[in-house]
Protein chains: 2
Amino acid sequence: CMSTAIHAQTDDNSTSSRIEPAILETANALIDTALKSNLGYEIVESLTTEVGPRLAGSEAEKRARDWAEKLGDSLSFDRVSVEEFTMPFWDRGHLHISLTQPYKQALYGTALGGSAPSTEDLEAPVVYFRTVHDIQNINDGELNGKIAFIDGEPMVKSQTGAGYGPSNQKRRIGWQHAQRGGASALVIRSVGSDSHRFPHTGMMSSDNNNWATIPVIAISNPDADHLRRLHELNKTMHLSLHSGSDWQGDVTSGNVVFDLVGRDKPDEIVLIGGHLDSWDLGTGAVDDGAGVAITTAAAELIARLPHRPRRTIRVVLFGAEEVGLLGARAYAAQHAAELNNHVLATESDFGAEKIWRLRSNVNPDANAVIDGIGRQIERLGIVRGDAKSPGGGPDIIPLAAAGVPTVRLDQNGTDYFDLHHTPDDTLDKISPEALAQNVAAYAALVYIAAESEAEFRLPKATEDKE
Amino acid sequence: CMSTAIHAQTDDNSTSSRIEPAILETANALIDTALKSNLGYEIVESLTTEVGPRLAGSEAEKRARDWAEKLGDSLSFDRVSVEEFTMPFWDRGHLHISLTQPYKQALYGTALGGSAPSTEDLEAPVVYFRTVHDIQNINDGELNGKIAFIDGEPMVKSQTGAGYGPSNQKRRIGWQHAQRGGASALVIRSVGSDSHRFPHTGMMSSDNNNWATIPVIAISNPDADHLRRLHELNKTMHLSLHSGSDWQGDVTSGNVVFDLVGRDKPDEIVLIGGHLDSWDLGTGAVDDGAGVAITTAAAELIARLPHRPRRTIRVVLFGAEEVGLLGARAYAAQHAAELNNHVLATESDFGAEKIWRLRSNVNPDANAVIDGIGRQIERLGIVRGDAKSPGGGPDIIPLAAAGVPTVRLDQNGTDYFDLHHTPDDTLDKISPEALAQNVAAYAALVYIAAESEAEFRLPKATEDKE
Ligand SMILES: [Zn+2]
Ligand SMILES: [Zn+2]
Ligand SMILES: [Zn+2]
Ligand SMILES: [Zn+2]
């Protein structure tokens, strides 16, 4: 289907769109239960308090898997499994960064994921680039003996997070140009929409699997404002920095999988989840303790019904999302043989604010069922969005690439990038009421998807045409 | 006057209350000019950008005096002087603090002013105190080998800052009890109303000029929440910390004084000001770059009138306010002989939000003139408050104690303690529009006070009764 037109909702009474009234009734009761339940909040409180920050590949991430296994066992799941994989470990180490000319002032910075260590106490003059586009025009070697600074603007706020991609360019590829230019280090304005003194971390992009050989440091928006003002006053700026960030060799990470085995079609899987790892600066409450909590609580509320739904509901708590979807890739590889049986997949990984929209990308014949789900969760303040919207969340990308149908419950992301990847990502930023709304929407969505007979998958292409 | 009743405004037409129409007209024009001027913002932008943080007694505070001297010379003042004094210097040094049991997690902490260094890498179990009152009940030696943690609540928000005093008890005197108990260190929940991951610094109180001999560290509200939750789960907590904070001996600080010499009564002084030093974590924009900017800009706009007002207008940019009003005390001592000629004093040191109230504490016969000033600035959204309200700002305390009459233009402090003494006290937190409203109110107030014949001082007590 090449159409990009807005999907016109199918008549509720057509055969293909019918969701049995008993299913709708149960979904409705699940919503009521979820709105009164504190389970989601209790889960994210427990994860952030009892485990704390949990960097991909770290000992803390291992403790998070142990915590998740214990949680799964204490709830009503039929199967709890830990599925390990191997990954390269990048550790932040120590960072010191300060302005030394025109005067000494500490800056609030943090290394970006993949940053290399500084070999010595580095002190060098700054070359200022207004945007990431400007540094792409430099000549090789032009930055020898210098520290490059890429400014830019604070990230534009938006309900959908539309500002993230453009703002993130300097984080992803800035280093490639700084390094080509011969810079001793790259400093960038954080990718974030807040005006607090926190830097935002996050992974750089590799250059065909080659990582930066220089330190790459993000500084807070107010710090970047400060350097911009000094630059505009034509002050010569020097920075000094010392960073211990480096790759530490291979370690074990893992995904934790909770199954509610379908009573009728146990091999057909409706997959939901979040990621268990977090950046190390905060305690990973909104990114992505919330997703772990929302999807686990939604499945648990379904598990407390008198009968299992027809299909299997699987909660995957992915490891090592932040450093390149490593858990998601491992899951797709380890479950390659059963991906055809994944009938629908979605992840919660966009914070903890209320959901406002339902989008989907399923077999068009099943759009009417998604529309029916949309009508069911409308009372939660959720609008039915595009029916041809690829997505499902970051950890769903490898599944979607393998043909797994996806839906997405879009949270309001207006303030998400105030907190994202900062020390400020802590439990107090989560509203129990907003979290309960999320659990209610997921519970209804997942229950209907697992209980109905709807075929979300596209018909298989005929394999042997000859 | 023992009355605490709300002051009833005097009739505008009584002789004592009359402010000449020409004075009111000029004050009104000053307000218009100030609201259109960007001078205040330019001053605080320059101070925070070109000097940065400026800890009392530091090289940076010296650069701030140099900056102020240059600023005063570039403006229209008749006299610019730097008045030095000697003070003991406390430097923050390096701090590392982390939770080590039940797991390792970095905490966001900062040493309180006056904190002693740790003698080694300290690691000890935590004794939890729910409030500062609880630690006052311990026995001597009861905390041997332990780190005391005083929790409490986030500071209550209020327009007047009423939450500060009560919340600040743990910062001021907590150490005395922890030290008496034998604790190796004291950690407290920050005195602040925000939920960001920033600790708030600030000075401890000495105990009869004895300072703490243990490290005393404030941690952010979210970090304190975290420790509280672990405590409520009955987890044994250990902290490790290393602090290099210490006293460094005597250094030179100073006040910078700008005078507009009165055309008629040059010896009578209307004193306004702010403090030039700041804590070192932020760049001292709202505390107190704003006060420096507001009062300097107000005086400068008056200086641009065709004639000097009758009385002298003096702007004092106090040094070393944060560490115990040292500049204010030095000013009062160095100017002891002329304090009787200080007819009115006030300081701007409560942030950069709009002024909402005018309070005063002057000769009751002159209340009507203050009322008249109140009517003049009413259009700025300012209400006339109590006429028997001691105050004038922290650096005015020594002057008020010597009998100098005071007024206060109260800024809205609701959000002040979100930023106060944190890294987040940076220029972006200041609204140029709110700052201009402040300049307008100060310009009108100071102009009328300096131009009028009103006697704000109390009649002198008869010295020789016999
Ligand atoms: Zn995430
Ligand atoms: Zn993330
Ligand atoms: Zn202050
Ligand atoms: Zn202060």
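**Entry 1. Zinc donors in chain B**

I began with B:Asp349, which counts as buried at 8% relative accessibility. The model is a predicted one, and I read every value below as computed from it.

I then looked up the zinc ion (ligand 3). Its protein donors are B:His275 through NE2, B:Asp287 through OD, and B:Asp349, which is listed with OD twice; they lie 2.0 to 2.5 Å from the ion. I noted the spacing of these donor residues in sequence as H-x11-D-x61-D. B:Asp287 lies in helix H7 (residues 285-303) of chain B, and B:Asp349 in the loop between strand S13 (342-347) and strand S14 (355-361), so the pair ties together parts that are 62 residues apart in sequence.

Which arrangement do the four donor atoms around the zinc ion (ligand 3) make? I recorded it as irregular, because the donor atoms subtend angles of 55 to 148°. A tetrahedral assignment would require all angles to lie between 85 and 135 degrees.

**Entry 2. The second zinc ion and the bridge**

For the zinc ion (ligand 4) I found B:Asp287 (OD), B:Glu322 (OE, listed twice) and B:His421 (NE2) as protein donors, at 2.0 to 2.4 Å. The site of this ion is irregular too, with angles of 58 to 144° among its four donor atoms. Along the chain, its donors follow the spacing D-x34-E-x98-H. Here B:Asp287 in helix H7 and B:His421 in the loop between helix H11 (416-419) and helix H12 (432-451) of chain B link distant parts of the chain, 134 residues apart.

Which residue bridges the zinc ion (ligand 3) and the zinc ion (ligand 4)? I identified B:Asp287 as the bridge, and the two ions lie 3.3 Å apart. I checked the exposure of these donors: B:Asp287 is buried, with a relative accessible area of 4%, and B:His421 counts as buried at 5%.

**Entry 3. Backbone exceptions**

Most residues other than glycine have a negative phi, and most peptide bonds are trans. I therefore listed exceptions to both.

I found a cis peptide bond from A:Asp287 to A:Asp288, with omega near 5°; A:Asp288 is in helix H7 (residues 285-303) of chain A. A cis bond also joins B:Gln101 and B:Pro102, with omega about 10°. I placed B:Pro102 in the loop between strand S2 (95-101) and strand S3 (105-106) of chain B.

A:Asn209 has a positive phi of about 70° although it is not a glycine. I located A:Asn209 in the loop between strand S7 (185-189) and strand S8 (216-219) of chain A. B:Leu325, likewise not a glycine, has a positive phi of about 55° and lies in the loop between strand S12 (311-318) and helix H8 (326-334) of chain B.

Are these two residues buried or exposed? A:Asn209 is exposed, with a relative accessible area of 67%, whereas B:Leu325 is buried, at 12%.

**Entry 4. Relation of the chains**

I looked up how chain B superposes on chain A: a rotation of 180° with 0.0 Å of shift along its axis does so, at an RMSD of 0.0 Å. That is the relation of a two-fold axis. I also noted that the same surface serves both copies, since 100% of the contact residues of chain B recur in chain A.

Lastly I examined helix H2 (residues 39-51) of chain A against helix H6 (residues 221-232) of chain B, which pack at about 95° with their axes 10 Å apart. H2(A) is therefore roughly perpendicular to H6(B). A:Glu45, A:Thr48 and A:Thr49 of H2(A) make the contact with B:His226, B:Arg229 and B:Leu230 of H6(B).

Definitions and conventions:
Residues are numbered from 1 along each chain as its sequence is written. Chains are lettered from A and ligands numbered from 1 in the order in which they are written. This is a predicted model: local features need pLDDT of at least 70, side-chain atom pairs count only at pLDDT 80 or more; totals for chains, interfaces and linings use all residues. Side-chain values use heavy atoms; hydrogens and water are left out. Helices (H or I, at least four residues) and strands (E, at least two) are DSSP runs, numbered from the N terminus. Buried means under 20% relative accessible area, exposed over 50%, partly exposed in between (1.4 Å probe, protein chains only). Donors are N, O and S atoms within 2.8 Å of the metal (3.2 Å for Na, K and Ca); water is not among the atoms, so sites may look incomplete. Four donors count as tetrahedral if all angles lie between 85 and 135 degrees; four count as square planar and six as octahedral if opposite donors are over 155 degrees apart and all others between 65 and 115; anything else is irregular. Copies are superposed by least squares on the C-alpha atoms of residues with pLDDT of at least 70 in both. Contact means heavy atoms within 4.5 Å. Axes are lines fitted to C-alpha atoms, for helices over the stretch in contact, and angles run from 0 to 180 degrees between N-to-C directions. Angles under 35 degrees count as roughly parallel, over 145 as roughly antiparallel, 65 to 115 as roughly perpendicular and the rest as oblique.
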